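The following exercises ask the reader to work through a protein model step by step. Please attempt each task before reading its solution.

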Amino acid sequence: MGAREVGLPDVVGSGSLPSRVTIWEVGARDGLQNESVVVPVSVKLEFLARLASAGLSVLEATSFVHPKWVPQLADAAELLAGLSPVPGVVYPVLVPNERGLDRAIEAGVSHIAIFASATETFASRNLNRTLDSQFEMFEPTVARALAAGMDVRGYVSMCFGDPWEGAVARSQVVAVGERLLEMGCSQLSLGDTIGVATPGQVESLLEGFRDVSSLAVHFHDTYGQALSNTLAALRCGVTTVDSSAGGLGGCPYAESATGNLATEDLVWMLDGLGIETGVDLDALVATSAWMAEQLGRPSPSRVVRALTK
C-alpha cells in the first residue's frame, strides 16, 4: 500500500519555507557503519541503486576510515569499483585524513567529506586530536582535494550537546564551522550527534553563522526531535538536510547516539508542505523495507512501518 492510497494529507504550505530541499542521503555510509554485522558489497550496491531509482540525488556511499575503526566499511574500494553511477547522482565519500584522500583519489572520487568535532573530548576520542590540532589534519587534506578538483563537505559533530561535556557553547561550534568554510569546504553539515537538540537551540546556532546558504543539518532522533528540529532549520533558510533511509545509523564513537532522521519521515513531512525533493516516497519505502529484510530486523522509520503493515 502506497502513501497516496493511505491518504497523504492535503498539501498545505507554510510561510518562510524553501520551495525545494536537497536530501543528503547517508544510509549507505552513516547508516550501515553502525550495524553489528558487515553487509555484503552486493547488498550495498543494490541499496545504492534502489535509492538512486527512488530519486535521491546525493548518496553518501562509503568511508575510507581505517578498517580497524569501522570494519563495516572496510570494503570501500571494492564498493566503489563495483558502483554503476547514475547520471545526475553524486556519491560523496567520507575521508578522515590524507591517507583516506589518497584512497579516494585512486578510486576516482569527485566529492569527499571530512569529519570534525565541536568539542574537545569528542575530538580526542574520535580523532585522537585536540579541538585545535584537528585542523592540522584537515588543512592538507582539503587543500589537496581542492587542487584535485574535488568538492569538499565538512561535518561538525556534537554541535548541540556532548555526552561527556554536556552543553556546547554556540561560539565554539561557529568557530569550528567557520574555520572549515574558510579552509574551502563548500558546505557545512551541523550534526546533533546524540539527538539532544530542540528547535530553539537549532535557531540559535544557525543565527550564529554569517551565511546559512552553505549550511546543512544532520539530526539524530534519540528524543524524537529530529523532524521538529529540521522544520526549525528550514525556517531559518537551510535547504539541505541529511537523513538515512529507514532511519539506519548512529555513531560508533558515542553510545548514546541512536538512529538518524529517517528519510521517509522527512519526505512525508516535506511532501505535505509542498516542498519539492524529487523523491518517490513509495519507492523509497520499498527500498527501506527491503534493506530491513537484509538486516533481519524491522525498520525504525515510522513511515516505513505505517506503509508496510
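The exercises below treat confidence, sheet, strand, helices and single residues in turn.

This is a predicted model, in which local features need pLDDT of at least 70 and side-chain atom pairs count only at pLDDT 80 or more, while totals for chains, interfaces and linings use all residues. Residues are numbered from 1 along each chain as its sequence is written, and side-chain values use heavy atoms, with hydrogens and water left out.

**Exercise 1. Confidence**

Task: State the average pLDDT of the protein and identify where pLDDT stays under 50.

Solution. Step one: pLDDT is the predictor's confidence in each residue, from 0 to 100. The protein averages 93, and 94% of the residues score at least 70. Step two: the value stays under 50 over residues 251-257. For this segment the model has 23 contacts beyond four places in sequence, a contact being heavy atoms within 4.5 Å. Step three: where pLDDT is low, the predicted coordinates should not be read in detail.

**Exercise 2. The sheet**

Task: Give the strand order of the sheet and explain what distinguishes E2 and E3.

Solution. Step one: helices (H or I, at least four residues) and strands (E, at least two) are DSSP runs numbered from the N terminus, and two strands pair if DSSP finds at least two bridges between them. Step two: nine strands form an open sheet with parallel pairing, in the order E2-E1-E9-E8-E7-E6-E5-E4-E3. Step three: strand E2 (58-59) and strand E3 (62-63) stand at the edges with a single partner strand each, so one side of each is left without a neighbour in the sheet. Step four: as an example of pairing, E5 and E6 are joined in the parallel sense over seven bridges, and Ala113 has Arg153 in E6 as its bridge partner.

**Exercise 3. Strand E9**

Task: Describe the partners of E9 and the directions of its side chains.

Solution. Step one: E9 (residues 240-243) pairs in the parallel sense with strand E1 (residues 22-25) over four bridges. Trp24 has Asp242 in E9 as its bridge partner. Step two: strand E8 (residues 215-219) also pairs with E9 in the parallel sense, over three bridges, and Ala216 stands opposite Thr240. Step three: E8, helix H9 (residues 226-235) and E9 make a right-handed β-α-β unit; right-handed means that, with the strands pointing away from the viewer, the path from the first strand over the helix to the second runs clockwise.

Step four: in a regular strand the side chains alternate between the two faces of the sheet. Thr240 and Asp242 point one way and Val241 and Ser243 the other, and all are buried, that is, under 20% relative accessible area, whereas exposed means over 50% and partly exposed in between (1.4 Å probe, protein chains only). Step five: Ser243 has a relative accessible area of 1%. The Ser243 side chain makes a polar contact with that of Thr263 at 2.8 Å. A polar contact is a pair of N or O atoms within 3.5 Å; within protein, one must be able to donate a hydrogen and the other to accept it, and residues adjacent in sequence count only if both atoms are side-chain atoms.

**Exercise 4. Helices H4 and H5**

Task: Why do the buried residues of H4 line one face of the helix, and what covers those of H5?

Solution. Step one: in helix H4 (residues 98-106), Gly100, Leu101 and Ala104 are buried. Seen down the axis, they fall within an arc of 100°, so they line one face of the helix; the arc is that of the directions from the helix axis to the C-beta atoms. On the other side, Arg99 and Glu106 are exposed. Step two: the buried residues of H4 pack against E5 and H6. Asn97 caps the N-terminal end of H4, with a side-chain oxygen 3.2 Å from the backbone nitrogen of Arg99.

Step three: in helix H5 (residues 120-127), Phe122, Ala123, Asn126 and Leu127 are buried. They cover an arc of only 105° around the axis, which puts them on the same side of H5. Their cover includes strand E5 (111-117), helix H6 (134-147) and strand E6 (151-157).

**Exercise 5. Positive phi**

Task: Are Ser16 and Met158 buried or exposed?

Solution. Step one: Ser16 has a phi near 60°, positive in a residue other than glycine, and Met158 likewise has a positive phi of about 60°. Step two: Ser16, in the segment before E1, counts as exposed at 55% relative accessibility. Step three: Met158, in the loop between E6 and helix H7 (170-183), counts as buried at 0%.
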